[in-house]
Structure formats: C-alpha cells, structure tokens
Amino acid sequence: MTGPLSAPGWLTDGMRHVWLPYCQMKHADPPLPVVATAGTRLHLADGRELIDGIASWWTACHGYNHPHLRAALERQAATLPHVMFGGLAHEQALVLAQRLAALLPGDLERVFFAESGSVAVEVAMKMATQYWLNRGERGRTRILSFTGGYHGDTIATMAVCDPEEGMHSLFTGLLPEHHVRPLPRDPDSLAALEAFLERHAGEIAAILVEPLVQGAGGMLFHDGAVLRRLRDLADRYGPLLIFDEIFTGFGRTGTMFACEAAGVVPDIVTLSKALTGGTLPLSAAVARTRVFDAFWSDDPMAALMHGPTYMGNALACAVANASLDLFEREPRLAQVAAIHGWLSAGLEPCRGLPGVKDVRTLGAIGVVQMERIGDLRALKRRLVAKGVWVRPFRDILYLTPAFTATQEDVMRLCGAITDVVRQGVP
C-alpha cells in the first residue's frame with residue numbers, strides 16, 4: 001500500500017458542486033476517490049487499496065465486478081436499456097417478478113418495482129392504506145412502527161422511523177403522525193402493545209418492522225419470536241403486516257429472507273439493497289394475493305396510483321436476475337454461515353475492552369457497540385490507515401462484508417476494529 005498522494009483534479013473541482021449525504025460538509029473530510037473496484041477491494045486514486053467491510057451500504061453481496069453481473073448488464077445495454085413500465089413491458093422485469101414470487105414464502109406473488117428502498121417502503125405504506133380504503137374502511141390511515149427502526153429518508157418514511165434515536169427529529173411538525181412503539185420482546189412489552197392495539201387498531205393500516213435486525217437504527221437484533229408475535233397481533237387486530245427487508249433480504253441474516261427464519265409470511269415485503277448485487281438501483285414491494293385482490297376492480301379509482309419513472313428498469317432487472325442466478329449456482333448461504341463464524345471469533349476480543357457495551361453477530365453482520373463514540377471522523381481515519389473501509393455511526397462499529405469475502409479479508413477487518421477499540425475510541 002502506498003501513502004496518500006495529492007487528490008485528483010476531478011475530486012477537488014467537483015467537491016465545489018456536489019452535496020454529500022449524512023455529513024456536515026463544512027467540517028467533513030473529503031471523500032476517498034475510488035477509481036476501481038474488484039472483489040472486496042476499493043482501489044483509490046493515490047494507489048491505496050482498502051478492504052470494503054460494509055459492501056457499499058450492504059449491497060455488493062457478490063463482491064464488486066462479478067463477471068456474471070457485468071455480462072448481464074452488457075447484454076441488456078446492447079438491446080434494451082429501458083422502456084417505461086406504463087403500458088409497456090419487457091422480459092427481464094416479468095421474469096424477475098416470477099422468480100421473486102417463487103423465492104418468497106407463501107403467496108407473496110405480486111411485485112411492484114421501484115428504484116430505491118425508501119420508495120418501496122412508501123409504496124408498501126400506500127398499498128396498505130389503500131387496501132382498507134378499497135374495502136370501504138376509511139379510518140385506517142396510520143402505520144404502527146417500532147423504536148429503533150429505520151425505514152428511509154423520504155418524508156413518508158421518516159415519519160415511521162424512531163423519532164428519538166433516529167436522524168429525523170429535526171422534521172417534527174412536517175411529518176405525518178404515526179405510532180412508534182417498543183417491539184414486543186418480552187411479556188411486558190407484548191402486553192403493552194396488545195393494550196395499545198385494543199385502543200387504536202381501528203386507525204392502523206399496517207404494522208411495519210425490520211425483521212431480525214433494525215439496521216440503520218443501531219444494528220439492533222431481535223429473534224423470530226418477536227415476528228411471530230407481530231403476525232399473531234396483526235391477525236387478531238386486522239392491520240396488514242409489512243416486513244422491511246431492504247437490509248436483511250438476500251441472505252444477510254443467514255437465510256435468503258429474514259422472514260424465513262421466523263416462519264412468518266408478511267402481507268407485504270420490501271426489497272432493495274442486494275437485489276442487484278450492488279450494481280444498479282432497484283427495489284420492490286411484494287404483496288400477498290389478498291392485498292392485490294383489494295385493488296382488482298371495475299372502479300378505476302381502486303387502482304394503485306403510483307408509478308416511478310424508472311420502475312422496472314431493464315438494466316437493473318437484468319442484473320437482478322443475474323444476481324439470483326448466483327444465489328442458485330454459488331454457495332452464498334454457506335458462505336454467510338462461514339462469515340458468521342469468522343466474525344464471531346474475530347470480534348470476540350473486543351468484548352470486555354474499555355468502552356465496549358456489546359458485541360453481537362448474526363449471519364454476515366458483526367457489531368461492536370461502544371458506550372459512546374465522540375469523534376467519528378477521527379475513528380474513520382484510523383480505520384482507513386489500517387487498510388479497511390468501515391463506516392461507524394452513532395455508537396456502532398459494524399461489518400457487513402460481501403458474501404464472497406475470504407477468511408483473511410474478514411479477519412483483517414475484525415483485527416482493524418479490535419485494534420482501534422483496544423487503542424481507545426475517540
């Protein structure tokens with residue numbers, strides 16, 4: 001690894017015009033200039049090479065530049081990059097819809113495509129609300145979500161994120177009012193949620209939850225029993241049950257979908273992130289038959305009036321189909337199981353170190369939770385200096401590597417985190 005050199009002109013010139021996510025740009029370090037990717041590696045303009053420990057926000061499950069994904073993209077680009085999905089259709093989207101329906105449990109078989117995870121969640125919320133309107137119930141307009149949850153950054157999805165622990169408290173007053181309650185993790189919280197539903201079920205269109213892992217809200221884990229309780233409550237009190245599998249879908253927690261581990265079929269599931277193997281933006285909201293049937297009508301106003309311009313994009317759908325090929329042909333879930341073992345062993349030395357609150361792993365997710373992190377910028381610099389790309393947030397250092405990561409990759413990532421924690425987190 002060579003030392004850092006002067007920044008390329010495109011970085012210094014472009015930074016005068018770009019607006020970056022999730023940072024105060026007055027004080028932010030300039031982003032690292034990536035010129036190439038391969039496997040688990042990010043190649044920087046100055047010659048340095050970093051192991052990507054978070055797979056570009058959990059998307060690049062097959063690693064970067066997988067030849068099968070690239071070939072699918074090139075073939076599709078040569079014939080049909082995109083056509084509007086309103087009144088037109090193409091093979092890649094329809095094949096992908098069939099394949100997703102076959103992979104998902106139960107009768108989750110109607111696929112609505114969009115471009116981003118936030119929009120997929122908005123579509124699911126809209127489906128749930130209109131489901132009741134189409135059935136003649138006009139009072140069910142609220143969503144019940146949970147503390148610790150994160151579902152996106154758009155106005156509708158901000159309204160169902162944790163209002164206290166999340167990043168959206170600034171927008172109180174702008175956001176629609178929904179209900180955010182503690183997850184039913186134990187008898188007391190279950191009783192409290194049941195009592196709440198006794199009072200408010202008639203105004204709730206859907207219960208919305210991230211199954212097994214609440215991701216951007218703090219990498220908080222819960223078990224399948226929580227999801228089974230929510231399925232039971234939804235069945236008893238009427239709201240639809242939405243699983244937000246933007247993060248957990250496609251193997252991240254150890255099964256193809258997190259809902260499988262709990263043996264629960266939601267009424268709507270949202271998918272994105274790893275859907276295209278980290279190559280192109282694509283998302284989906286997939287509904288059960290009874291949800292779709294509420295929109296099947298002679299009344300044109302009963303239709304779902306939603307249509308993102310690039311929904312069902314042919315390039316993205318082609319790559320998503322190629323990604324599903326890889327799940328069929330290559331041992332992805334076995335690789336996730338191996339990564340889980342490596343993460344568990346590699347992060348265990350952090351347990352008991354000063355400032356460490358918890359160490360936890362699930363599937364290809366490893367988390368070291370600190371009592372506090374005072375200087376995230378300094379912590380990121382120290383990790384980069386160790387040759388890894390890890391993006392801690394709040395009080396969390398976490399790893400979500402590509403499923404193709406080797407044992408050496410994972411242990412280097414774990415070693416870098418252990419070293420910075422042992423030396424003292426700023």
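**Exercise 1. Which residue just after α8 takes a positive phi, and how does the helix itself begin and extend?**

The model is predicted, so local features need pLDDT of at least 70 and side-chain atom pairs count only at pLDDT 80 or more, while totals for chains, interfaces and linings use all residues. Residues are numbered from 1 along each chain as its sequence is written, and side-chain values use heavy atoms, with hydrogens and water left out.

*Solution.* Start at the end of the helix, where Gly 238, just after α8, takes a positive phi of about 105°. Helices here are DSSP runs of H or I with at least four residues, strands are E runs of at least two, and both are numbered from the N terminus. Next, go to the N-terminal end of α8, which Asp 223 caps with a side-chain oxygen 3.1 Å from the backbone nitrogen of Ala 225. Then check the length: the 14 residues of α8 (residues 224-237) should span 20 Å at 1.5 Å a residue, and the end C-alpha atoms are 20 Å apart, which agrees; the expected span is 1.5 Å times one less than the number of residues.

**Exercise 2. Describe the surroundings of His 66, beginning with its place in the chain**.

*Solution.* First, locate His 66 in the loop between α2 (55-58) and α3 (67-79). Second, classify His 66 by its relative accessible area of 16%, which means that it is buried; buried is under 20%, exposed over 50% and partly exposed in between, with a 1.4 Å probe and protein chains only. Third, list the contacts (heavy atoms within 4.5 Å): leaving aside residues up to four places away in sequence, His 66 touches Leu 326, Glu 330 and Arg 332. Finally, a polar atom of the His 66 side chain lies 3.1 Å from the backbone nitrogen of His 68.

**Exercise 3. Work out which residues and elements line the second largest pocket**.

*Solution.* Begin with the lining of 17 residues, of which Arg 110, Val 111, Phe 112, Phe 292 and Leu 304 lie nearest the centre of the pocket. A pocket is an open set of points on a 1 Å grid over the protein atoms alone, with protein on both sides within 12 Å along at least five of seven lines, and lining residues have an atom within 4 Å of a point. Then turn to the elements: α4 (91-103), β4 (108-114) and α10 (289-293) each supply at least two lining residues, and the largest share, five residues, comes from β4.

Methods. Polar contact = N/O pair within 3.5 Å; in protein donor to acceptor, adjacent residues only side chain to side chain. 1 Å grid on protein atoms, 1.4 Å probe; cavity = no way out; pocket = protein on both sides within 12 Å on 5 of 7 lines; lining within 4 Å.
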